[in-house]
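This report looks at a backbone feature and at charged side-chain contacts. Please keep the sequence and the coordinates in view while reading.

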Amino acid sequence: MTHDIFIPPTGAGLAPPGGHYSHAVRAGGFVFVSGQLPIAQDGRRLHDAPFEAQAQQALANVAAALRSAGSSVDRLVQVRVYITDIELWPTFNALYAQWAGDARPARAVVPVPQLHYGFKIEIEATALA
């Protein structure tokens, strides 16, 4: 199986990856989006921002990663969301429903004890290419 690694160009809506990974990889007809944290395009880490702002930035990063690989939110098939407080699930679900629109991919929301840099949310996804 062949795959193409996508490193979004400057201005693609994402900060450069913070480690040894790509924001998105296309393989076998799918796009795999690495876990997206609430990091603004300019590299600012939104760890002190309210949960809503963190969730919106992480969702925006997923959408930007999908676009960089030639896909989109309406082609999502699986989304995994990690949050540090399960009490935030209803808030996230409302934001997610607005963001996803008519798309209804399979999804898991997983409570975790902590995330990198003290973030409250991380989102990874798989979409059709």
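Where is the place of tyrosine 117? In this predicted model, tyrosine 117 sits in the loop that runs between strand S5, residues 106–111, and strand S6, residues 121–128. The backbone of tyrosine 117 has a phi near 60 degrees, which is a positive value in a residue other than glycine. With a relative accessible area of 33%, tyrosine 117 is partly exposed, because that category lies between the buried limit of 20% and the exposed limit of 50%.

Turning to the charged side chains, the structure contains two salt bridges, listed here with the distance between nitrogen and oxygen.

| Basic residue | Acidic residue | N to O distance |
|---|---|---|
| arginine 44 | aspartate 42 | 3.0 Å |
| arginine 80 | glutamate 124 | 3.4 Å |

In the salt bridge between arginine 44 and aspartate 42, arginine 44 is partly exposed at 48% relative accessibility, whereas aspartate 42 reaches 57% and counts as exposed. These two values fall into separate categories because the limit for exposed is over 50%.

In the other salt bridge, arginine 80 pairs with glutamate 124, and their closest N and O atoms are 3.4 Å apart. Arginine 80 belongs to strand S4, residues 76–83, and glutamate 124 to strand S6, so this pair ties together parts that are 44 residues apart in sequence. Arginine 80 is partly exposed, with a relative accessibility of 25%. Strand S6 is also the strand that follows the loop holding tyrosine 117.

Technical notes: Residues numbered from 1 in each chain as written. Predicted model: local features only at pLDDT ≥ 70, side-chain atom pairs only at ≥ 80, totals over all residues. Heavy atoms only, no water. Helix = DSSP H or I, 4+ residues; strand = E, 2+ residues; numbered from the N terminus. Buried < 20%, exposed > 50% of the residue type's maximum accessible area, 1.4 Å probe, protein only. Salt bridge = Lys/Arg side-chain N within 4 Å of Asp/Glu carboxyl O.
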